[in-house]
Amino acid sequence: MTEWLCTTRLTNLALSPVLISWLVCAVCGPVSFAAEPAYPTRPVRLLIPFAPGGGSDALARIITPRLTDALGQTWVVDNRGGAGGNLAAEIVAKAAPDGYTVFLGFATVLTVNPALYKLSFDMERDLAPVTLLATAQYILVLHPSVPANTVKDFVSLARQKPDAFNFSSGGAGTPLHLAAALFSKRAGVRMVHVPYKGGGPAAAALLAGEVQVLFGSIASSVPHVKAGKLKALATTGLKRSRVVPELPTLDEAGFPGFDVGTWYGFLVPAKTPPPIINRLRDAAIRTVALPDVQKVMAEQGLEVETSTPQELAIRIRRETAMWAAVIKEAGIKGE
């Protein structure tokens, strides 16, 4: 109102438009005559770092219809697998910072890959966090032939028999590999890594007795535990899993602060305006708070967890440093 009165009074003096503009700024302060453009006004592209069918893709399919409703524009899922997830991250990092290219970030891509690959961009510098969306911890499971029923028993047995136990993973540098590597380091045990082409084959190898140890997905492992085909020792988060609350965490089992799992979050190109980031974050948080969305996510072994952009940035920085140390000590190389 003050700006309108200033402009009106000056205009009535029949001064030139240029002089009026100068006087308005001098008397009333800077004035923005153009309202901030609405966002979004066209479809939003959500980049997924892996092929269809995986966890990232499943989460995207759950939330994008609701984001479309929340923001009034279609969200298009764009699966860009390749280079361990780096391809999708690079596309977003080099996109226009206008909020129309969003990355469904996966923990490993953001915090592990910088230590495994030579990148043409910088994950921390070129991507701006929006919010955390969901987390999922892992479960330490053994083949029934292993004579140990607790974490303490297994660690004692493994220390007595270095390299006697094999653990499977979905490949070098994958989350399952890194979880086992960190556990081995903290427990002071030596196990032999047997990489497979994906988490599914890694779990099948454990069921078949080809390996004896696996840090696996809770959602896919628990049915086999209940059927007596696997032994479950602990979960890997700081809080007990809602799916198997009877199991202790590794933190409770003698490894204070052990907190390993995966998580998903939204990121956008650096220099994206804060109002757009805030709009995206608000829509995302409202979406994952919906009861039906949470129900479907829980069936995928996901627990809803959101954050501020600053909190997600701190998490990425902390985990990047942690995994870089583990990778260096274990001599892990990217495939």
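This is a short talk on the fold of one protein chain, going from the overall counts to the strands, then to two single residues, and finally to two helix pairs.

Before anything else, please keep in mind that what you see above is a predicted model. The secondary structure of the protein chain comes to 14 helices and 10 strands, and of the 335 residues in the chain, 47% count as buried. If we take the contacts with a separation of 6 or more, 77% of them are accounted for by residues that lie 24 or more positions apart.

Let me begin with strand β4, residues 127-142, which is a convenient place from which to read the pairing of the strands. This strand is mostly covered, in that 16 of its 16 residues are buried. Which strands does β4 pair with, and in what sense? Going through them one at a time, β4 is joined to strand β9, residues 261-269, by nine bridges, and the two run antiparallel; within that pairing, A136 stands opposite T262 in β9. With strand β8, residues 231-235, the pairing is again in the antiparallel sense, over four bridges, and here I139 of the one strand faces T235 of the other. Strand β10, residues 303-304, is joined to β4 by two bridges, running antiparallel, with T135 standing opposite E303.

That leaves β7, which pairs with β4 in the antiparallel sense over five bridges. Two positions help to fix the register when you look at the model: V141 stands opposite L214 in β7, and L142 stands opposite V213 in β7. Strand β7 has a second partner to mention, namely strand β5, residues 166-169, with which the pairing is in the parallel sense and extends over two bridges. On that side, S168 stands opposite L214 in β7, the residue that also has V141 opposite it. Is strand β7 enclosed or open? Four of the five residues of β7, which covers residues 213-217, are buried, so the strand is largely enclosed by the rest of the structure.

I would now like to turn to two individual residues, beginning with F106, which is found in strand β3, residues 101-106. F106 is buried, because its relative accessible area is 11%, and the cut-off for that class is under 20%. What does F106 touch, once neighbours within four places in sequence are set aside? Its contacts are P49, F50, S56, P175, T262, W263 and Y264. For one of these, W263, there is also a separation to quote: the C-alpha atoms of F106 and W263 are 6.1 Å apart, although the two positions lie 157 residues apart along the chain when counted as a sequence separation. T262, another of the contacts of F106, is the residue in β9 that stands opposite A136, which links this residue back to the pairing described earlier.

The second residue is V225, in helix α11, residues 218-226. V225 is partly exposed, with a relative accessible area of 24%. Not counting residues up to four places away in sequence, V225 touches V141, L230 and A232. The C-alpha atoms of V225 and L142, which are 83 residues apart along the chain, are separated by 9.5 Å.

Finally, the helix pairs. Two packed helices are described by the angle between their axes and the distance between the axes. Helix α9, residues 175-187, and helix α14, residues 309-330, pack at an angle of about 75°, with axes 10 Å apart, and that makes α9 roughly perpendicular to α14. From α9 the contact is made by L178, A179, A181, L182 and K185, and from α14 by M322, W323, V326, I327 and E329. Sorted by class, this contact has eight nonpolar residues, no polar ones and two charged ones.

In the other pair, helix α3, residues 55-71, packs against helix α12, residues 274-288, at an angle of about 125°, and their axes are 9 Å apart. That makes α3 oblique to α12, and the crossing of the two is right-handed. Here I63, R66, L67, A70 and L71 in α3 meet R279, L280, A283, A284, R286, T287 and V288 in α12, and by class this contact has eight nonpolar, one polar and three charged residues.

How values were computed. Residues numbered from 1 in each chain as written. Predicted model: local features only at pLDDT ≥ 70, side-chain atom pairs only at ≥ 80, totals over all residues. Heavy atoms only, no water. Axes fitted to C-alpha atoms, helices over the stretch in contact; angles between N-to-C directions. Parallel < 35°, antiparallel > 145°, perpendicular 65-115°, else oblique. Contact = heavy atoms within 4.5 Å. Nonpolar A, V, L, I, M, F, W, Y, C, P; charged D, E, K, R; others polar. Buried < 20%, exposed > 50% of the residue type's maximum accessible area, 1.4 Å probe, protein only. Pairing = 2+ DSSP bridges. Left-handed = near helix turned anticlockwise from the far one by under 90°.
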